[in-house]
Amino acid sequence: MGIEKQNGFKEEESEFLFPPDILNKLDFNKSPAVFRPKISASNPGEEWMVVRPLQRADYDKGFLQLLSQLTSTGNISRKLFDERFTQMKMSGGYYVTVIEDKRISKLIGAATLTVEQKFIHNCSLRGRLEDVVVNDTYRGKQLGKLIVVTVSLLAQELGCYKMSLDCKDKLIKFYETLGYKLEPGNSNAMNMRFEDSS
Ligand SMILES: CC(=O)SCCNC(=O)CCNC(=O)[C@H](O)C(C)(C)COP(=O)(O)OP(=O)(O)OC[C@H]1O[C@@H](n2cnc3c(N)ncnc32)[C@H](O)[C@@H]1OP(=O)(O)O
């Protein structure tokens, strides 16, 4: 249970999945992405917009509804969400990053960086880009670029030697403009599915 404050707000609900300060340090000049007008994680261009780590309170800010525009989420109770949030935070390596429209307290974009610990390459770290989505009424306004560049620069900042992703063919161009490359002879994604995808 959270600490009940006088205004009824539970302290733990404002809890971040990872420390937010690291996002303000990211240098968007390091990315090949072109932003017109120029924006960044620390200055997303509108005072009502914020780029930040996922918070426990985001269950009530439409996080799961946003993810359902990407794929099936299932029926996730608050308890299940809370447990997964705690597990991700305790294990480390999960950087679920979101964009909030503060005028309506709703999440409008999200992307996840997961960091794998390796023995190879001198005990290196490898980043994976997962679960990128922008709310359909906010698309075409650079927010997809903003959230992907944010977590890609975050991977670099955390010391990852590379960042990888899987995507549909139609999104290859989108990711190429952000610095991702199809590597000759090394661009196949293969899956083994353990559940019915229907
Ligand atoms: C690793 C993964 O998670 S892959 C899964 C990606 N997510 C999805 O497919 C979920 C549904 N789609 C979405 O949420 C959005 O369409 C996103 C995230 C792909 C793009 O978000 P947007 O905010 O619309 O992107 P943004 O405005 O930054 O567009 C950047 C550029 O990519 C292009 N682009 C955006 N979406 C697409 C698309 N689906 N197909 C082709 N080009 C695209 C835009 O035209 C734009 O080009 P420009 O810079 O020349 O104008």
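This report walks through the confidence, strands, one helix and ligand surroundings of a predicted model.

Let's start with how far the model can be trusted. The protein has a mean pLDDT of 94, with 93% of its residues at 70 or more. The scores for the model are ipTM 0.94 and pTM 0.93. One stretch calls for care: over residues 1-9 the pLDDT stays under 50, and the model has eight contacts beyond four places in sequence for them. Where pLDDT is low, the predicted coordinates should not be read in detail.

Next comes helix α3, residues 78-91. Its 14 residues reach 20 Å from the first C-alpha to the last, close to the 20 Å expected at 1.5 Å a residue. Is α3 well covered or hardly covered? Hardly: the count of buried residues in α3 is zero. Glycine 92, just after the helix, takes a positive phi of about 75°.

From there the chain leads into the strands, whose pairings are set out here.

| Strand pair | Sense | Bridges | Partner residues, including |
|---|---|---|---|
| β2 (residues 94-101) and β3 (residues 106-117) | antiparallel | eight | valine 96 and threonine 112 |
| β3 and β4 (residues 125-134) | antiparallel | eight | valine 115 and glycine 127 |
| β4 and β5 (residues 160-164) | parallel | four | arginine 126 and lysine 162 |

β2 and β3 form a hairpin with four residues between them. In that turn, serine 105 has a positive phi of about 50°. Strand β3 then pairs with β4 in the antiparallel sense, and besides the partners in the table, glutamine 117 of β3 stands opposite leucine 125 in β4. On β4, arginine 126 is bridged to lysine 162 in β5, and these two strands run parallel.

Strand β4 also takes us to the ligand. Which element gives the most to the shell around the ligand? That is β4, with six residues. β4, α5 (143-157) and α6 (172-176) each supply at least two residues of this shell. There are 21 residues around the ligand, and those that come nearest are Val132, Val134, Arg139, Gly144 and Lys145. Sorted by class, the shell holds ten nonpolar, four polar and seven charged residues.

Taken together, β4 is a handy place to begin a tour: β4 pairs with β3, pairs with β5, and gives the most residues to the ligand shell.

Note on methods
Residues numbered from 1 in each chain as written. Predicted model: local features only at pLDDT ≥ 70, side-chain atom pairs only at ≥ 80, totals over all residues. Pairing = 2+ DSSP bridges. Near = placed C-beta within 6 Å. Nonpolar A, V, L, I, M, F, W, Y, C, P; charged D, E, K, R; others polar. pLDDT = per-residue confidence, 0-100. Contact = placed C-beta atoms within 7 Å. Expected span 1.5 Å × (residues − 1). Buried ≥ 20, exposed ≤ 12 C-beta atoms within 10 Å, placed from the backbone.
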